[in-house]
Amino acid sequence: MKSFVLSIVLVNSLLSFDYKLKPQEVSEDVYCFFGLPQVMDKHNNGNMSNSCFVNMGTSYLVCDSGPTYQYAKQAYSQMKKIQNLPISYVVNTHVHDDHWLGNSYYKEQGVTIIGSTAFKELPKLEKTRMQLRISSEAFKGTTQEFPTVFVEKEKVLKINGKKVYIKSVNHKAHTNSDLFVYIPNKKVVFVGDLVFNERLPSLRDGDISGWIDALQKIKEMKVKYVIGGHGDIVETTAVDFTYNYLVKLKTQVKKLLDEGVEIADVVDAVKMDEYKDIPFYDSIHRQNVETVYRMLEWEDE
Ligand SMILES: [Zn+2]
């Protein structure tokens, strides 16, 4: 009997992955599961981005649903330990799959999922990047479920008498369509991947000038907490890391571009050594320089 029970436990653990999620309290009623500063792989199984939730009194509002069905399921069971409430809405800040594949669990619960208009044009892939890189046990149950409510410019929700503003950046920044979620009475704004701390951001799908512009607007907001898509700094200083990196990168590349330096030499020259110990420097920084060179070259024309 003992071995029978043991084998059932073993079979179950082989069929699922325990993300060992622990919610961190940011401020009263505001919590996050902070992801690791890593690329998605078979060890973290996608637990490398932030998924947050706000206790609105009668329900939870979830900002970004995490990387898999099982992650979201385990996240909700942690939320219920704090207070057993239903989820009213899930918001997907942008289309990168580490931020929304958890939708598959929330959809099953009948939750309304809100996202940017970019989801309308997003193709359903045979296999997402996440599925290719993490273990099949962790990915089990995950399907590509897109939002059904889209935010063109701004959408205001009223949950339990409190206003929640979901705003679109309205120009290319981290992606061509980024949302942020502002809750005035909690003095918090969830900005998705407009803000990274602890690791370098990738400019692959973005626009450096639009991104800097969006961050300037976020810096002007009268909030106490700015919660990004990666990294666990939540004070308003959370913006500084991404902002400073992007401004320095743009300034240095632009200067050399204006001097007529060729792209390959610019990539070699703009080293920004002060970032070399930051995770993702080796894999992303040179690419970012090249991407920015091409963007600015285009902007100049
Ligand atoms: Zn992203």
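Leaving aside its neighbours within four places in sequence, with which residues is V191 in contact? In this predicted model, V191 is in contact with F180, I218, V226, I227 and G228 once those sequence neighbours are set aside. V191 is also among the residues with the most contacts inside the largest nonpolar core, and the points below go from the chain as a whole to that core, and then to the strands and the helix that lie earlier in the sequence.

**Overall form**

- The secondary structure of the chain comes to 10 helices and 12 strands, and its C-alpha atoms fill a box of roughly 75 × 50 × 35 Å when this is taken along the principal axes.
- The radius of gyration of the chain is 20 Å, which agrees with the value near 19 Å that a compact globule of 301 residues would have.
- Of the 301 residues, 42% count as buried, and among the contacts in the chain with a separation of 6 or more, 68% are accounted for by residues 24 or more positions apart.

**Nonpolar core**

- The largest nonpolar core has 74 residues, and those with the most contacts inside it are V181, V189, F190, V191, L194, V226 and I227.
- Strand β11, which spans residues 188-196, supplies the largest share of this core, with 7 residues.

**Strands β1, β2 and β3**

- Strand β1 (residues 24-27) pairs with β2 in the antiparallel sense over 3 bridges, and within this pairing S27 stands opposite V30 in β2.
- The hairpin of β1 and β2 has 2 residues between the strands, and in this hairpin D29 takes a positive phi near 75 degrees.
- Strands β2 and β3 also run antiparallel and are joined by 4 bridges, with S51 in β3 as the bridge partner of F33.
- Both faces of β2 are covered, since V30 and C32 on one side are buried, as are Y31 and F33 on the other.

**Helix α2**

- Helix α2 (residues 69-82) has 14 residues and reaches 21 Å from its first C-alpha to its last, which is close to the 20 Å expected at 1.5 Å a residue.
- The buried residues in α2 include Y69, Q70, Y71, A72, Q74, A75 and Y76.
- These buried residues of α2 pack against two strands described above, β2 (30-33) and β3 (51-55), and also against the helices α3 (103-108) and α6 (136-139).

Note on methods. Residues are numbered from 1 along each chain as its sequence is written. This is a predicted model: local features need pLDDT of at least 70, side-chain atom pairs count only at pLDDT 80 or more; totals for chains, interfaces and linings use all residues. The expected span of a helix is 1.5 Å times one less than its number of residues. A residue is buried if 20 or more other C-beta atoms lie within 10 Å of its own, exposed if 12 or fewer, and partly exposed in between; C-beta atoms are placed from the backbone. Two residues are in contact if their C-beta atoms, placed from the backbone, lie within 7 Å. A nonpolar core is a set of buried Ala, Val, Leu, Ile, Met, Phe, Trp, Tyr and Cys residues joined through C-beta atoms within 7 Å. The radius of gyration is taken over C-alpha atoms; the globule rule is 2.2 Å times the number of residues to the power 0.38. Two strands pair if DSSP finds at least two bridges between them.
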